[in-house]
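Colleague: Please take a close look with me at one part of this structure: the packing between helices. I am a first-year student, and a slow walk with each term explained would suit me best.

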Amino acid sequence: MPILGLGTWQVYAGAGDLSLSPSLWSLSLQICRDAVKFAIDVGYCHFDCAYLHQNESETGDAVREKTKERVVRREDLFIVSKLNKVHKSATSSRQEDVPYRELSLCLHCVFPCLGCSVVVRLAEQLPSFVLPLRLWSTFRERSLVKEACQKTLAALQMDYLDLYLMHWPMGFKAGEELFPADGNGMTIPSSTDFLATWEAMEELVDAGMVKAIGVSNFNCNQIDQLLSKPGLRHKPANNQIENHPYLPQEELIKFCQSKSISVTAYCPLGVPNWPWSKPKDISLFDDPQIKEIALKCDKTPAQVLIHLQIQRNVSVIPKSVAPHHTEENFKVFDFELAEEEIGTLLAFKKQYHIYTLSECKNHKDYPFLGE
Ligand SMILES: NC(=O)c1ccc[n+]([C@@H]2O[C@H](COP(=O)([O-])OP(=O)(O)OC[C@H]3O[C@@H](n4cnc5c(N)ncnc54)[C@H](OP(=O)(O)O)[C@@H]3O)[C@@H](O)[C@H]2O)c1
């Protein structure tokens with residue numbers, strides 16, 4: 001698996017029929033396509049997608065264009081996607097699948113020039129079934145897994161994925177509601193557990209639809225449960241987790257690597273443009289120790305944060321739609337961090353999750369309770 005990839009979340013695209021300005025949507029579609037095409041030109045060959053990102057078909061368009069131009073071959077690329085949510089039926093429309101919060105975030109990030117009020121105004125135009133601040137609804141019944149993967153393959157216009165991940169260990173109640181919540185706004189669990197979903201994912205490997213399967217946001221105990229599942233036919237190849245110096249996850253990484261499960265770090269930069277950041281929230285780029293190490297290495301803080309993961313043998317998928325950032329993030333193979341610098345970067349002793357999914361904290365499979 002290529003150690004460096006391009007994240008594609010926050011690049012909203014693909015909701016052409018949402019009741020928003022068509023020019024805004026077509027611009028966002030173009031931004032996504034351009035970002036992936038530019039990244040291929042720079043040399044990226046690993047792309048982290050998800051049905052949730054709502055831009056798989058634009059990613060697929062970009063790949064197709066570049067393969068047609070003979071810049072790259074499909075077999076030289078490593079395409080990852082995730083089984084996560086919605087997938088209630090192949091006929092569900094994309095607009096129903098877009099939670100308000102993601103959409104407003106995506107708009108904010110794609111169009112950082114738009115003030116918050118504009119983002120909110122745009123989001124207010126969304127159809128009423130888009131529930132405010134209710135992020136996820138996982139329809140992960142066994143019978144729907146194949147259909148979900150087929151949908152992703154169709155959007156990407158590909159015959160196979162290199163890696164397909166179970167996005168979260170929690171399953172939510174199946175049905176029409178995207179985010180089945182109880183009266184307190186907490187998610188209602190599914191009767192399907194992740195072991196049953198895993199069996200359905202194993203069938204995707206057998207059918208040649210995916211080369212490998214893995215997980216995301218799983219803790220040590222959950223991985224252990226998966227590995228000890230009677231009749232396990234395909235081991236998880238990868239665990240994709242939030243990782244940066246304020247959430248170093250040393251024990252989990254060590255555990256995964258000891259079981260030959262590779263690890264991928266998401267949010268490696270700490271999502272510097274997080275729209276809901278409050279003054280108390282993290283800013284890795286402003287951390288004096290990170291800045292000092294960057295200065296010493298003659299690199300930017302972003303390059304240091306990316307290289308940190310590479311030096312730990314962890315794949316890393318920073319997202320960018322800005323060409324200068326995409327290029328900068330790729331120039332990370334010409335320096336080394338000294339042992340004491342790595343020690344400093346891993347010794348902040350913070351446990352700062354950007355993605356907490358607190359609406360799910362009562363779920364039996366919520367992964368962050370023991371921390
Ligand atoms: N498995 C999961 O549950 C999960 C959860 C979250 C994310 N992910 C994946 O991980 C990827 C990365 O995480 P993320 O996008 O949340 O966070 P991230 O990569 O830590 O941060 C992305 C932000 O950093 C900015 N940026 C990128 N390079 C920069 C640079 N060199 N200097 C300054 N700013 C820079 C980007 O802005 P510009 O675009 O303007 O450069 C963007 O706003 C996602 O895109 C997604 O594919 C997976």
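Modeller: Happy to! Contact here means heavy atoms within 4.5 Å. Please keep in mind that this is a predicted model, in which local features need pLDDT of at least 70, side-chain atom pairs count only at pLDDT 80 or more, and totals for chains, interfaces and linings use all residues. Residues are numbered from 1 along each chain as its sequence is written, and side-chain values use heavy atoms, leaving out hydrogens and water.

Let us start with the whole chain. It holds 12 helices and 8 strands (DSSP runs numbered from the N terminus, with H or I over at least four residues for a helix and E over at least two for a strand). Among its 371 residues, 58% count as buried (under 20% relative accessible area with a 1.4 Å probe, protein chains only; exposed is over 50%, and partly exposed lies in between). Of the contacts with a separation of 6 or more, 79% join residues 24 or more positions apart.

Now to our close-up, helix α6, which spans residues 194-206. One partner is helix α7, residues 220-227: the two axes come within 10 Å and cross at roughly 55° (axes are lines fitted to C-alpha atoms over the stretch in contact, and angles run from 0 to 180 degrees between N-to-C directions). That angle makes α6 oblique to α7 (under 35 degrees is roughly parallel, over 145 roughly antiparallel, 65 to 115 roughly perpendicular, and the rest oblique). The crossing of α6 and α7 is right-handed (the near helix is turned clockwise from the far one by less than a right angle; anticlockwise would be left-handed). Which residues in α6 and α7 meet? On the α6 side look for Phe194, Leu195 and Trp198, and on the α7 side for Gln222, Gln225 and Leu226. These residues of the α6 and α7 contact divide into 4 nonpolar, 2 polar and no charged (Ala, Val, Leu, Ile, Met, Phe, Trp, Tyr, Cys and Pro are nonpolar; Asp, Glu, Lys and Arg are charged; the others, Gly among them, are polar).

Helix α6 also packs with helix α5, residues 142-156, at an angle of about 40° and with the axes 9 Å apart. Helices α5 and α6 are therefore oblique to each other, and α5 passes α6 in a right-handed crossing. From α5, the contact takes Arg142, Val145, Lys146 and Cys149; from α6, it takes Ala196, Thr197, Glu199, Ala200, Met201, Glu203 and Leu204. By class, the contact of α5 with α6 has 6 nonpolar, 1 polar and 4 charged residues.

Before leaving this part, find the loop between β5 (213-216) and α7, where Asn219 is found. At 21% relative accessibility, Asn219 counts as partly exposed. Leaving aside residues up to four places away in sequence, Asn219 touches Leu252 and Pro367. Its C-alpha atom is separated by 9.8 Å from that of Gln249, 30 residues apart from Asn219 along the chain.

To put the close-up back together: α6 meets α7 with no charged residues in the contact, while the contact of α5 with α6 has 4 charged residues. Try tracing both contacts on the model yourself!
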